[in-house]
Amino acid sequence: MPTAHTTDWGFASELEDVGGAVAIVGIGDADYTRASGRTTHEIAAQATERALADAGLRPSDIDGLMYVPFSGDQFTARDFHAHFGTSHDLWKSERGGGMVWAGSAPHDAALAIRSGRATCVLNTFAVAWATQRSQMVGGPGQVHAEDAFKRNLEVPFGWFPQPVYFATIARRHMHEFGTTAEQLGAIAVACRRHAGLTPGAVMRDRPLSLADYLASPPIADPFRKEDCCLISDGGAAYIMTSLERARDLRQPVVAVLGVGVGNSRTGAYWSQQRAFTSTPQVFAAPGAFAMAGLAPSDVDVLACYDPFTIVSLMQIEDMGFCPKGAGGPFVAGERLHFDTGTLPYNTHGGMLSHAYVLGIAHVVEIVRQLRHQAGAQVRDAEIGVYGGYTGPQASTLVLARR
């Protein structure tokens with residue numbers, strides 16, 4: 001039987017070296033809420049306004065725009081111009097937004113800036129899923145319900161939606177490696193503690209102890225609701241420019257040192273992936289760290305796309321922070337906490353406790369950490385990493401204070 005170390009199930013994308021070419025100079029969060037009645041355009045516009053103010057830039061300074069055509073209407077060039085009353089040319093890319101692309105967007109932006117197609121690039125992503133939830137099949141699982149393969153060969157047999165998918169993966173990880181509920185709970189507890197220190201987090205005033213977690217009833221064995229991400233309205237934005245120009249702007253310089261992208265050959269069909277308890281971070285992280293000239297041991301703070309606690313644990317393993325199968329003991333206790341741990345993790349609370357905006361808020365948090373402006377601030381943080389994930393792909397983004 002193939003093991004978790006099997007590597008023929010995926011591959012790394014070939015990326016140009018952009019280490020040190022660009023910096024993230026502006027970050028903005030929209031309001032993170034339960035159902036708000038807002039549209040994705042309104043949410044993304046608010047985040048963009050705040051990113052511009054953070055950077056000390058004007059809308060006319062933005063000449064590149066990145067988003068992903070996913071999850072309803074995103075903030076396109078037309079929307080940007082309509083909101084800000086501008087009409088200048090914009091370099092445009094649909095390889096931005098959240099998820100994997102929240103981590104890989106700086107690579108494409110760096111190439112655009114290097115070639116002269118843009119000088120200042122905005123990346124945005126927003127969702128209004130809490131508002132839209134009643135109209136969706138399985139909540140965010142609607143995209144899976146619409147897939148012909150899943151609709152005919154998974155959904156009728158109860159393998160749907162995402163909590164069921166990943167509960168199955170979690171149970172397999174427990175079977176193979178001895179991972180325990182307490183170890184998954186340690187991830188949820190760390191994220192909730194960090195959300196309690198982060199302004200704007202949806203679960204800011206909802207403390208969670210390990211005893212609380214263990215007392216919570218299962219919803220899809222072995223998952224409790226605290227193992228699962230929130231459904232919320234919200235969004236974020238960040239602005240990139242050359243490292244040279246970044247030094248003239250108002251915020252501390254946070255440079256992009258490395259980017260990596262990994263791919264699974266079976267895409268979103270997790271049941272078919274040979275390495276069932278692995279993620280494409282196996283293929284993404286090595287390239288990102290090599291581009292940056294760093295190793296996992298150099299990282300001060302980590303943020304990973306965390307739809308479920310098991311996805312956090314698997315990515316921590318697959319990115320090289322511990323051996324495969326050792327993730328349970330590695331995350332146990334307070335090892336992920338911002339002030340007492342060995343690997344401060346999702347210091348804003350992640351999608352488990354901050355907001356479910358599919359990873360872009362994670363990048364904003366890493367930038368905030370490296371500026372030393374975060375709520376749950378990691379002392380003297382200099383190197384931060386974001387791990388993006390969709391199932392079919394993963395990305396690793398290495399950032400550094402400069």
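**Exercise 1. Around Glu317**

Which backbone nitrogen lies 2.8 Å from a polar atom of the side chain of Glu317? Find that atom in this predicted model, then describe the surroundings of Glu317.

*Solution.* Start with the helix: Glu317 is found in helix H12. Next, look at the end of its side chain, where a polar atom lies 2.8 Å from the backbone nitrogen of Gly327. The side chain of Glu317 also makes a polar contact of 3.1 Å with the side chain of His173. Now widen the view: leaving out residues up to four places away in sequence, Glu317 touches His173, Cys322, Pro323, Lys324, Gly325, Ala326 and Gly327. Finally, check accessibility. Glu317 has a relative accessibility of 4%, and buried means under 20%, so Glu317 counts as buried.

**Exercise 2. A second residue of H12**

Work out whether Met314 is buried or exposed, and find what it touches.

*Solution.* Met314 is found in helix H12, which covers residues 309-318. Its relative accessibility is 1%, so Met314 counts as buried. Not counting residues up to four places away in sequence, its contacts are Ile169, His173, Thr277, Ser278, Thr279 and Lys324. Take Ile169 from that list: Met314 and Ile169 are 145 residues apart along the chain, yet their C-alpha atoms are separated by 10.0 Å. To link this with the previous exercise, notice that His173 touches Met314 and that His173 also touches Glu317.

**Exercise 3. The largest nonpolar core**

How many residues does the largest nonpolar core have, and which have the most contacts inside it?

*Solution.* The core has 132 residues, and Phe166, Ile239 and Ile316 are those with the most contacts inside it. Its largest share, 8 residues, comes from helix H3, residues 99-114. Then zoom in on Phe166: beyond residues up to four places away in sequence, Phe166 touches Phe223, Trp270, Phe308, Ile310, Val311 and Tyr389. A general tendency helps here: in soluble globular proteins, nonpolar side chains tend to be buried together.

**Exercise 4. Helix H11**

Compare the length of helix H11 with its expected span, and find what its buried residues pack against.

*Solution.* H11 runs over residues 281-292, which makes 12 residues. At 1.5 Å a residue, H11 should span 16 Å, and its end C-alpha atoms are 16 Å apart, so the two values agree. The buried residues of H11 are Gln281, Phe283, Ala284, Ala285, Ala288, Phe289, Met291 and Ala292. These pack against strand E1 (10-12), strand E9 (254-264), H12, strand E11 (383-389) and strand E12 (393-401). Just after the helix comes Gly293, with a positive phi near 70 degrees.

**Exercise 5. Strand E8 and its partners**

Which strands pair with E8, and why is E8 largely enclosed?

*Solution.* Strand E8 covers residues 233-242, and 10 of its 10 residues are buried, so it is largely enclosed by the rest of the structure. Strand E2 (residues 22-29) pairs with E8 in the antiparallel sense over 7 bridges. Strand E5 (residues 120-128) also pairs with E8 in the antiparallel sense, over 9 bridges. Now find Ala237 in E8: its bridge partner in E2 is Gly28, while Thr124 stands opposite Ala237 as well.

**Exercise 6. Cysteines**

How many disulfides does the structure hold?

*Solution.* The count is 0 disulfides. Take Cys229 as a test: the nearest cysteine sulfur, that of Cys228, is 7.0 Å away, and Cys229 is in no disulfide. Cys229 has 18% relative accessibility and therefore counts as buried. Cys120, at 0%, counts as buried too.

How values were computed: Residues numbered from 1 in each chain as written. Predicted model: local features only at pLDDT ≥ 70, side-chain atom pairs only at ≥ 80, totals over all residues. Heavy atoms only, no water. Core = buried A, V, L, I, M, F, W, Y, C linked by side-chain atoms within 4.5 Å. Buried < 20%, exposed > 50% of the residue type's maximum accessible area, 1.4 Å probe, protein only. Helix = DSSP H or I, 4+ residues; strand = E, 2+ residues; numbered from the N terminus. Contact = heavy atoms within 4.5 Å. Polar contact = N/O pair within 3.5 Å; in protein donor to acceptor, adjacent residues only side chain to side chain. Expected span 1.5 Å × (residues − 1). Disulfide = S-S within 2.5 Å. Pairing = 2+ DSSP bridges.
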